[in-house]
Amino acid sequence: RCKNLSLSFWNSYWMLPSDVCGMNCFWEAAFRYDYMKTHPSEKMHLAVVACGERLEETVTMLRSAVIFSIKPLQFHIFAEDQLHENFKDILDDLPYEGKVNYTLYPITFPTESAAEWKKLFKPCASQRLFLPLILKDVDSLLYVDTDILFLRPVDDIWSFLGKFNSTQIAAMAPEHEEPRIGWYNRFARHPYYGVTGINSGVMLMNMTRIRRKYFKNDMTPVRLQWGEILMPLLKKYKLNITWGDQDLLNIMFFHNPESLYVFPCQWNYRPDHCIYGSNCKEAEEEGIFILHGNRGVYHDDKQPSFRAVYEAIKNYSFGDDLVHSLLQPLELELRKTMHTYCGKVYKVFIKQLTKSVRDLYARRSKG
């Protein structure tokens, strides 16, 4: 379990003893680097869908992915046509030539039902359902919402692909840790995975397996492939789903639970994990690995701890010292949020980020 480093320790930060992590962190790191060693040239594929006013948020997410990641990144950016030039102008200025490549795609849905898919939940959100059918040459993919921030290398969640058993095709985190505040178990009018459902804001996919699998379902005794099951599911449940494509994924994995790998809550940490009191034990112990600012919390004052992390990464200039330009100012801002429930556990927002910075400088010092 990684120890937290308070602000008073910054001046001696790089002289910390090697036992800053306990055995949990040791074995986690051992698995991670063993996976990287056996997949040395593997490129990590990350997809996002951006519509409307999501340009800045998406770019901030991509910046967070670039800062700490080790292996090369391939971004697949699905965006409305009017956003393409803006993305090009910003991404072409990233100072990581050779480490990052990107491809821009238009928003596309099956022709016969495009309008219906586009208006499902939020504009363009259901695009993610069609990624296995569009990116036919991509074997594995990490899909994230625009309001995601990586506080440790993308490599670490990517390595979960190596933990999949022979039946698992995707990985997601639970929608809630605490059933008493869970949405699905209290309000859902359709089947959902597990006790509290799953959240699709961070979805790791073995797309080759997804394309090959025949899914059990409650529409026909015949198993259907991914491209065959989506429209029938929508037709059956469209009057009963609230969260659009996420609800459809919950229905799918309810009928095919053996196909899902569930990762812990610190890989998809949302306001629900702290607004009524802390309920993500893994984050309390090891820090937040991936921050998910749903409910628009990066852009209002309701959850200032989330907004503080977003602003810190958005305003960080590549090449600046991460300790003095990112971590120190961020911890000062987080201390100002202690009047909120999330602010009371502000250390979870900086614990893993601190370790990620230290690991990054350690890698650089070793060449």
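This text describes the overall make-up of a predicted model and the packing of three of its helices. Local features need pLDDT of at least 70, side-chain atom pairs count only at pLDDT 80 or more, and totals for chains, interfaces and linings use all residues. Residues are numbered from 1 along each chain as its sequence is written, and side-chain values use heavy atoms, with hydrogens and water left out.

The protein has 15 helices and eleven strands, taken as DSSP runs numbered from the N terminus (helices H or I, at least four residues; strands E, at least two). Of its 367 residues, 56% are buried, meaning under 20% relative accessible area with a 1.4 Å probe, protein chains only.

Helix α12 (residues 304-315) packs on helix α13 (residues 322-335) at an angle of about 160 degrees, with the axes 9 Å apart. Axes are lines fitted to C-alpha atoms over the stretch in contact, and angles run from 0 to 180 degrees between N-to-C directions. The angle makes α12 roughly antiparallel to α13 (over 145 degrees). On the α12 side, Ser305, Ala308, Val309, Ala312 and Ile313 meet Leu326, Leu330, Glu333 and Leu334 of α13, where contact means heavy atoms within 4.5 Å. These residues divide into seven nonpolar, one polar and one charged; Ala, Val, Leu, Ile, Met, Phe, Trp, Tyr, Cys and Pro count as nonpolar, Asp, Glu, Lys and Arg as charged, and the others, Gly among them, as polar.

α13 also packs against helix α15 (residues 347-365), at about 170 degrees and with axes 11 Å apart. That makes α13 roughly antiparallel to α15. Residues in this contact include Leu322 and Leu330 of α13 and Phe349 and Tyr361 of α15. By class, the contact has eleven nonpolar, one polar and one charged residues.

Notes: Angles under 35 degrees count as roughly parallel, over 145 as roughly antiparallel, 65 to 115 as roughly perpendicular and the rest as oblique. Buried means under 20% relative accessible area, exposed over 50%, partly exposed in between (1.4 Å probe, protein chains only).
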